[in-house]
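Visitor: Please take me through the ligand site. I would like a close look at what lies around the ligand, then a word on the protein as a whole.

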Amino acid sequence: MIYAGNFKTNHTRASTANYIEELKDKLRGKSLEDRVYIFPPATALDDYEGDFTIGTQNAYPAQNGAYTGEIGLEQLDEFGIKSILIGHSERREYMAETQDKVSQKFAFFQEQGFEIIYCIGEPLEVRENGFEDVMKYLLAQFDGIDINYDKLIVAYEPIWAIGTGRSATVEEISTTHRALKNAINDRPLLYGGSAKPENIKEIKAIAGVDGVLVGSASLDANSFSQMVLS
Ligand code: PGA
């Protein structure tokens, strides 16, 4: 299983360092085949050592240059960062990242050999229109994306389940993952959206779920490691 913690705009450099120390200790009990990723804010990126991978929540598709407020490859290379989240619904919505922009970013980091956790997800009104509309919406988020990239991990995150405390139901996750797995040639597929210690066991047990992308419940090292060790 893959367990990815997305801190979003939470934690500082100091609190991330404490978190990592705590996590390192707790991860001693994890199974060898499980993989853990932490995506701290950009100011907390570092080359921490431990049985996990540090990734970046975002970066600009350039080596370096005049892109005020952004970080590029040069800043990631400093800490050996080779994993990135692309297409998260919050970036699509709040930072107005269009499918075109998202796919350009994808192509750039693919070219650089990054492991890409590529996020897709539908808003509530689409879910309410029924499954056919959901799949149409989700598949359109693969426009311009090379689904055959060997370092691609997909994260399905229904927008209405993110940060709301209400995860999708087992039935919703199961039917969506089954259809998505077919569409992405069986690449690893994570579920995201209010995954937490209380529901991790039932989510993990669903066929077609290869792991979870966790926001709120990853902010506390104890809660996140509880999920990894569940
Ligand atoms: P959540 O966020 O776990 O707080 O719902 C998930 C995500 O946005 O990756």
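Guide: The ligand site comes first, then the whole protein.

This is a predicted model: local features need pLDDT of at least 70, side-chain atom pairs count only at pLDDT 80 or more, and totals for chains, interfaces and linings use all residues. Residues are numbered from 1 along each chain as its sequence is written, and side-chain values use heavy atoms, with hydrogens and water left out.

The ligand is surrounded by 13 residues, counted when a heavy atom lies within 4 Å of it. The closest are Lys8, His88, Glu157, Gly163 and Ser216. By class, the shell holds four nonpolar, seven polar and two charged residues. Here Ala, Val, Leu, Ile, Met, Phe, Trp, Tyr, Cys and Pro count as nonpolar, Asp, Glu, Lys and Arg as charged, and the others, Gly among them, as polar.

Now the polar contacts (pairs of N or O atoms within 3.5 Å). Ser216 places a polar side-chain atom 2.5 Å from a ligand oxygen. For His88, a polar side-chain atom lies 2.7 Å from an oxygen of the ligand. Ser194 uses its backbone instead: an N or O atom there lies 2.7 Å from a ligand oxygen. On its own the ligand has 280 Å² of accessible area, and the protein covers 98% of that (Shrake-Rupley method, 1.4 Å probe).

Step back to the protein. Of its 230 residues, 51% count as buried, meaning under 20% relative accessible area with a 1.4 Å probe, protein chains only. The C-alpha atoms fill a box of roughly 45 × 40 × 30 Å along the principal axes.

Methods: Polar contact = N/O pair within 3.5 Å; in protein donor to acceptor, adjacent residues only side chain to side chain. Buried < 20%, exposed > 50% of the residue type's maximum accessible area, 1.4 Å probe, protein only.
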